[in-house]
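Okay, thanks for coming, everybody. I'll put the structure up and then walk you through it.

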Amino acid sequence: MSIEADPAVLRGLDNWRDLPASQQPEWRSAEELRAVTDELAVSPPLVFAGEADQLREHLAKASRGEAFLLQGGDCAETFAESTADNIRNKIRTILQMAVVLTYGASLPIIKMGRMAGQYAKPRSNTMELRDGVELPAYRGDAVNGHAFTPESRVPDPNRLLSAYHRSATTLNLIRAFTGGGFADLRRVHEWNRGFTSNPAYKRYEQLAAEIDRAVRFMAAAGADFDALRTVDFYSSHEALLLDYERAMTRIDSRTGHPYNTSAHFLWIGERTRELEGAHVDLLSRVHNPIGVKLGPATTPETALALQERLNPEGTPGRLTFITRMGAERIRDVLPSLLSAVAAEGSPVTWVCDPMHGNTFSSPSGYKTRRFDTVLDEVRGFFEAHQAAGTVPGGLHVELTGDDVTEVLGGGEEIDEGALSRRYETLVDPRLNHQQSLEMAFAVSEMLRGS
């Protein structure tokens, strides 16, 4: 029997419309926007409430140190790159990282893609100036085009429909890959085929050989391999475009609670986490597990206020704090936040985003990061938790499954001259396949020591 929605709950879902809403596009037509959101509101959900509930239970385990979250994917997905090859390569990279973490740290790894919905990005400036020409900033393919022309940069509501359909096809492929045999743990060697040999891959192959031996031993002992054939893989994105997120919110027929069905996990960004703002209000009303990005200016008072606003009942796995402090600041800022939240007592899953606080422009003009600096922020995250007696619950990284050259350093020693070789991102730089594996090996060692 289906449970009817409480009219007060439905009214509350539109409360955000009367609140300050930062980082929203100036759509070219209110009528077009209304027609698009009306269509989205009756379109099939992309994920289901039961899946979100399952993820919340897993994240509760991560908050207690009984699991670890690995969340990875593009800074901003693009329509042009939502191909089967690109999706498969990202899934393969996350699966490989998860194998390294699972085997190295003896912990279940929650696998989550920054995929199937990450088509919009907040921007520091609303306008972009080039050669004396000023146009609206590129805000992601869900809003406008990257080409620097007046026509391309106009925010077009119809792009929200394109984002929905691209997300649907991406999720379909993810489910096919992770449930159809591609993720079978007995294929760990095959996941590395097609990549150039290097120290990180050699280390991975050694680990894969150890897994093979363990699997053969279990087979000889009569173990059941059903658990090795498939994996649970969850989707996530920043809940930035409020018209889209509201249209994708549905009432769960089992409980009468609202769930955002655009992804299993949504997060509120550093630029949009105003306590009395529209983003916090809307996400406070959905029952998905949710996250909040916390930058270096976050005070303990702000963290506690967000905790009270977004998880007043103290539900384990409901709230994740994703820290993005920068390597130079994390050891100074994070300890006071950990102490305040631990003293309050409500459960929080702590996750490290070591990417966003360490971005700079190279002399050649490329937006980049240094691999060693990114890794140092992760170390600072673990050190702060160890000192506070709290639990490091996960890692949130921007990565691709391809051999791009966007982040400096790593085992292949990408230097500034190499950035132009395969710099493909339209927004922020990503770890390439090899750097992602290097990161996983380093984090597995940190987990063993935590």
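Quick definition before anything else: when I say helix or strand, I mean a DSSP run, at least four residues of H or I for a helix and at least two of E for a strand, numbered from the N terminus. With that naming, R114 sits in the loop between β2 and β3, and β3 covers residues 127-130. And please keep in mind that this is a predicted model.

Let me stay with R114 for a moment. Is R114 buried or exposed? Its relative accessibility is 1%, and the cut-off for buried is under 20%, so R114 counts as buried. If you want a sense of distance, take R114 and A297: they're 183 residues apart in sequence, and their C-alpha atoms are 25 Å apart in space.

There's another arginine to look at, R139. You'll find R139 in the loop that runs between β4, residues 133-136, and α5, residues 158-179. R139 counts as buried too, at 10% relative accessibility. What does R139 touch, if we skip residues up to four places away in sequence? The list is Q23, Y119, A120, K121, R123, T126 and N144. R139 and A76 are 63 residues apart along the chain, with 9.3 Å between their C-alpha atoms.

Okay, zooming out to the whole chain. We have 13 helices and 14 strands in the protein chain. The radius of gyration is 21 Å, close to the 22 Å from the globule rule for 450 residues, so the chain is as compact as a globular protein of that length. Along the principal axes, the C-alpha trace spans about 60 × 60 × 45 Å.

How much of it is buried? Of the 450 residues, 56% count as buried. On contacts, take the pairs at least 6 apart in sequence: 76% of those contacts join residues at least 24 apart. The exposed area comes to about 18,200 Å², and carbon and sulfur atoms supply 50% of that. For charges, count 48 positive and 62 negative side chains, with the centres of the two sets 3 Å apart.

Now the strands, and I'd like to begin with β14, residues 392-398. Seven of the seven residues of β14 are buried, so this strand is largely enclosed by the rest of the structure. Which strands pair with it? One of them is β1, residues 68-73, joined to β14 by five bridges, and the two run parallel. Within that pairing, L70 stands opposite L395 of β14. Another is β11, residues 349-352, again parallel to β14, with three bridges. There, V351 has G394 as its bridge partner in β14.

Stay on β11, please. Both of its faces are covered: T349 and V351 on one side, W350 and C352 on the other, and all of them are buried. β11 also pairs with β10, residues 319-323, through four bridges, and these two run parallel. In that pairing, T320 stands opposite T349 in β11. So if you rotate the view, you can follow β10 to β11 and then β11 to β14.

Next, β9, residues 290-294. How many of its five residues are buried? Five of the five, and the strand is mostly covered. On one side you have I290, V292 and L294, on the other G291 and K293, and both faces are covered. The lysine caught my eye, as K293 is among those buried residues. β8, residues 265-268, runs parallel to β9, and three bridges join them. W267 has G291 in β9 as its bridge partner.

Last topic, backbone angles. Most residues other than glycine have a negative phi. Against that background, have a look at S106. S106 isn't a glycine, yet its phi is positive, about 55 degrees. Where is S106 on the chain? In the loop between α4, residues 84-105, and β2, residues 109-113. S106 is exposed, with a relative accessible area of 64%.

E413 is the other one on my list: phi is near 55 degrees, a positive value in a residue other than glycine. E413 lies in the loop between β14 and α13, with α13 covering residues 433-449. Is E413 buried or exposed? At 63% relative accessibility, E413 counts as exposed.

That's my tour, so let's open it up for discussion.

Key: Residues are numbered from 1 along each chain as its sequence is written. This is a predicted model: local features need pLDDT of at least 70, side-chain atom pairs count only at pLDDT 80 or more; totals for chains, interfaces and linings use all residues. Side-chain values use heavy atoms; hydrogens and water are left out. The radius of gyration is taken over C-alpha atoms; the globule rule is 2.2 Å times the number of residues to the power 0.38. Buried means under 20% relative accessible area, exposed over 50%, partly exposed in between (1.4 Å probe, protein chains only). Contact means heavy atoms within 4.5 Å. Accessible areas come from the Shrake-Rupley method with a 1.4 Å probe; for residues, only the protein chains shown count as cover. Lys and Arg count as positive and Asp and Glu as negative; His and the chain ends are not counted. The place of a charge is taken as NZ of Lys, CZ of Arg, CG of Asp or CD of Glu. Two strands pair if DSSP finds at least two bridges between them.
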